[in-house]
Amino acid sequence: MIAFLHPWFLLGLAGLAVPVVLHLMNREIPLPQVFPSIRFIRKGHLPREGHRRLQDILLLALRLLLLAAIVLTLSRPVWRPRPEQAGGTPAGAGVDLVFLVDASASMQGWDGLAKAREAVAATLDRYPGAEVGLVLSADRVLRALPPSPDAAVVRAAVAELAAEPVRGDPAPALAQAVRLLRPERRRVLAVVSDFQRPDWQTAALTALPPGVTLELSDVNPQRGGNVGVAGVSSRPLSPGLRHVVVEVRNYGLDTAQRTLEVRAGAETQSRPVSVEPLQAKRVAFSVKTQDVTRGEAVLTADTYPLDDSYSVWLGEAPPVRLLAVVPQAAEPDRQVDAFFVQKALQATTGDSGPRFVLDRVEAEHFFALDLADVRGILLLGAAGHFGDGDFAVVRRYLEQGGLVICTPGEAASQQFRALQQQGLLAAEFVGTNRVHSRVDPPFALEWVDPESALGRLFQGDDRSDLFLFPIYRYVRVRPGEAAHALLRIGDHDPVLLEQEVGKGRLFALTVAFDLRWSDLPASACFVPLLRELLGAAEPVDGGVRHLECGQDLPVQSGASPAAARGPAATPSPAPDTRRPGVIVVDGVPFEVNVPRRESVVEKVDLDGLRSLLLSPAAAATAVGAGTGAEAAAPRDRQAWPACAMAAAALLLVELLLAGLLERRDALPGPPS
Amino acid sequence: MPDPTILELLSPATLARIDDYSFLARVVVEGFLSGLHRSLLHGYGSEFFQYRNYAPGDDLKYLDWKVFARRDRFYSKVFQEETSMNCCLVLDTSASMAYRGSRAPCTKLHYASMVAACLAYLATRQGDQVGLYAYADDVRCALKPGCRLGHFQRLVAELARLRPHGRANHDHALTTLAGDLRRRGVVVFLSDLLEAEDAIPQVLRRFRFAHHECVVVQVLDPDELDFPFERTTRFIDAEQASQIVTAPPTVRAAYQQAMDAFLERIRVSCLEMTTDYLLARSSDNLGNTLAAYLHRRESLQG
């Protein structure tokens, strides 16, 4: 049967009335002629002009056909296969029929699966005798059955169809389905899906090969609204109590009334929630999480249930991984610096601040490390022994938002010169100040930037802790404009500099965490100072990772710091991320949930999708690839080129005939 | 007969390009008459003037047989006009005279004017007095017959000023004209005579009663005679407000029949009034028209 890609052009057929009206109006107009006397002229019967009328009718018919051909060309007719051929030959004879069935998460909603089974059955009925194949698609090809005469295999597979709680990506399945279609046979690709817009609009689709008939079956063209849990965040309020915030989003066009529950162990709290169309609302809960690490936020179920629940981690936030780099071979004393840092990090402050885990590595091994899970790097005298490659790693780490704290070592001059040359710290090394004898008074901090976080931290009496510890040795640097001094000795000698590099920050101290340099590691301000500096390393969401169902876990490098913490564990099977839940890998919790883009109600435009998949080449080269069937079975091919050629031929004939008639009319009448 | 070159000169297509009627008439008449026998110049009612030697081709009726008997030589008599003749040219300038068909080089009025100019020149050359009367619904021009110096130029100037318009009222105009013509002479009617078949016999009778010689020259366009139109046409009467839409091929036969009857009636009317009748097509060679007129003149003399 014939279909039209732009059917609204057919309204132009109404214009066929115009030439008819003009023809009727264009009767022969009498030629006016002034004559000396009309007394001898009789009013005879006006001739029927049968011969001329016939020519006029022929011209009219040509013009009507021409107009119709133009309108049809513009409406882009497409010839689609009929279910039956003339003569009773089964429509499916010589046909490869491959189904591409969508099994992504959204198909579980709005009765998608049941309707998909119905659509497959109906299509099979229209192609009796065809060899049938199947490709099940979600985020990848779930199953592929090549065409076979036994359609029962496909029917059984479809009967067992279950939606995967993953996003949809039809591109690999389309490519697989095309590979299953055999070129020597007539090829029909039947796509059964809900054609959800995020899945189909973002997929890297390519045009089908020429000669492939495409059938698109939308399982639920009209589907109602949807409300789901878009996300959950939690943070500790106090030991055993967490603040849980649930975001509920309404994807539909009507106001939704639901009941929201947060379940944590034996405790369940519920709240009614009302969400306006296309809006989101946050609902807060205070949940007791004693001995509970996993929870769930659940909405009243609706037509799409997979987004009505959300798995959330309610346990402790994973520790923040820090890396201490020490020049073990060159400066063994720098181990003392790492020791003090370790002790400071282990100190509990009684608040709910993050936990830090400090890994150590020698400077000479720094370049080979995977820093993906490292939130902060402490270069404890190591920067003076770095090469260009090491600084490149530091730069890349900083530019991606990392935090680096560096303290001087014995190679302080090399360190600060290298930092300046690498563009990481705008500070010029001047020299080193030290107390040469016991009678000389030690140095001390005299100024903290009152506008900085440190200035706000050390206020009032707390500032005395900061200003009273003696400093015996420090490096003198002259900071540039990019480096901002946070602590100073006197008016000109900074002790702590801060500089932004890319998205990250570099803190440079001119005093080592060594008691031979100062009493800072033993002072009461060391822990809060260090924690304040490391505060930027704390992840926003507390270190909890979020994954979609079907998404792979981040790859862990074999040389990661995690491998150095203890004896290597025996490899365990990869956790299953194709189901929602919370999994913990190496102490890092992963919240795995159904992709929320499957919650969107909107669909992709099927006409546009069909145009994208059916290339012009598919219509122009529809070669009979069948097994020699006498009656050319109809194919889904473009018919507008034929209409355009017909219009051109009609125009040529019309011009010739009209010109011929005009010339003949212009010839003078026979002389008397 | 004039030679072919003269005939070409006298073709209406050539003459229609001459705007000056005076020059035109001189060209036509001198060119036309150059090949004619001088005996045609002889006027009506002439008296004996002199003898001359007989030339081969002279009319034998002018031979003086008595002189031949005495001298045994042939002599022809030469006569002179007893009195000069009045020649009145009466020209129809109604709107119907403005028609020009596709085969005619000029309008009927232009053709009639050329004929009138030629006749006026001929008469002036002969010493006759010639006048011009033009009419349509009323008399438009009344130039009384004369032969003084410059009269011919005045006549042709009046011819050049004539424009066809209005409806022909033959009876009124010609009746008025008849009252002005005191002296007997030749009255030449130049008209298409449409709508005049009833008036013409009365007019001719009046002129004949006054002892005028009448010549009727009916000027028609070939289209009026053949009705050659093919397409459906709305014919609009030139003088009246009437119109008619018809398919000419279907009514051509009836038209020609009616036209023939009309022409026959005119001819019979003229014949009954002992009036010369000439039918001139506006596409005819002007020399032929003049020859016909002069032949008529000769027959009148006989």
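**Exercise 1. How many bridges join strand β3 of chain A to β31(A), and in which direction do the two strands run?**

Solution. Keep in mind that this is a predicted model.

- Step 1: Find strand β3 of chain A at residues 77-79. There are 2 bridges from this strand to β31(A), and the two run antiparallel.
- Step 2: Look at a residue pair. A:W79 has A:R637 of β31(A) as its bridge partner.
- Step 3: Place the pair in its sheet. The sheet is open, has 3 strands with antiparallel pairing, and follows the order β1-β3-β31 in chain A. At its edges lie β1 (2-4) and β31 (637-638) of chain A, each of which pairs on one side only.

**Exercise 2. Describe the overall make-up of chain B.**

Solution. Start with the secondary structure, then turn to burial and contacts.

- Step 1: Chain B contains 11 helices and 10 strands.
- Step 2: Of the 302 residues in chain B, 52% are buried.
- Step 3: Consider contacts in chain B with a separation of 6 or more: 72% of them are between residues 24 or more positions apart.
- Step 4: For the outside, chain B has an accessible surface of about 14200 Å², and carbon and sulfur atoms hold 50% of that surface.

**Exercise 3. Decide whether B:L60 is buried, partly exposed or exposed, and find its surroundings.**

Solution. Begin with the position in the chain.

- Step 1: B:L60 sits in the loop that lies between β1 (47-53) and α4 (65-71) of chain B.
- Step 2: Its relative accessibility is 48%. Partly exposed covers the range between under 20% (buried) and over 50% (exposed), so B:L60 counts as partly exposed.
- Step 3: Now look for its companions on the surface. Together with B:W65 and B:F74, B:L60 forms a nonpolar patch, and the three have about 330 Å² of accessible area together.

**Exercise 4. Describe how chain B meets chain A.**

Solution. Work from the contacts to the area, and then to single residues.

- Step 1: In chain B, 34 residues are in contact with 24 residues of chain A.
- Step 2: An interface's size is often expressed as the accessible area lost when the parts come together. Here chain B and chain A bury about 2800 Å² between them, with 65% of that on carbon and sulfur atoms.
- Step 3: On the chain B side, the residues losing the most area to chain A are B:R231, B:T232 and B:I244, which together give 19% of what that side buries.
- Step 4: Add the charged pairs. Chain B and chain A share 2 salt bridges. A:R39 makes a salt bridge with B:E195, where the closest N and O atoms are 3.8 Å apart.

Terms used. Residues are numbered from 1 along each chain as its sequence is written. Chains are lettered from A and ligands numbered from 1 in the order in which they are written. This is a predicted model: local features need pLDDT of at least 70, side-chain atom pairs count only at pLDDT 80 or more; totals for chains, interfaces and linings use all residues. Side-chain values use heavy atoms; hydrogens and water are left out. Patches are made of residues with over 30% relative accessible area and no salt bridge: like charges are joined within 9 Å, nonpolar side chains (Val, Leu, Ile, Met, Phe, Trp, Tyr) within 5 Å. Accessible areas come from the Shrake-Rupley method with a 1.4 Å probe; for residues, only the protein chains shown count as cover. A salt bridge is a side-chain nitrogen of Lys or Arg within 4 Å of a carboxyl oxygen of Asp or Glu. Helices (H or I, at least four residues) and strands (E, at least two) are DSSP runs, numbered from the N terminus. Buried means under 20% relative accessible area, exposed over 50%, partly exposed in between (1.4 Å probe, protein chains only). Two strands pair if DSSP finds at least two bridges between them. Contact means heavy atoms within 4.5 Å. Buried area is the accessible area (1.4 Å probe) that two parts lose on being put together, summed over both.
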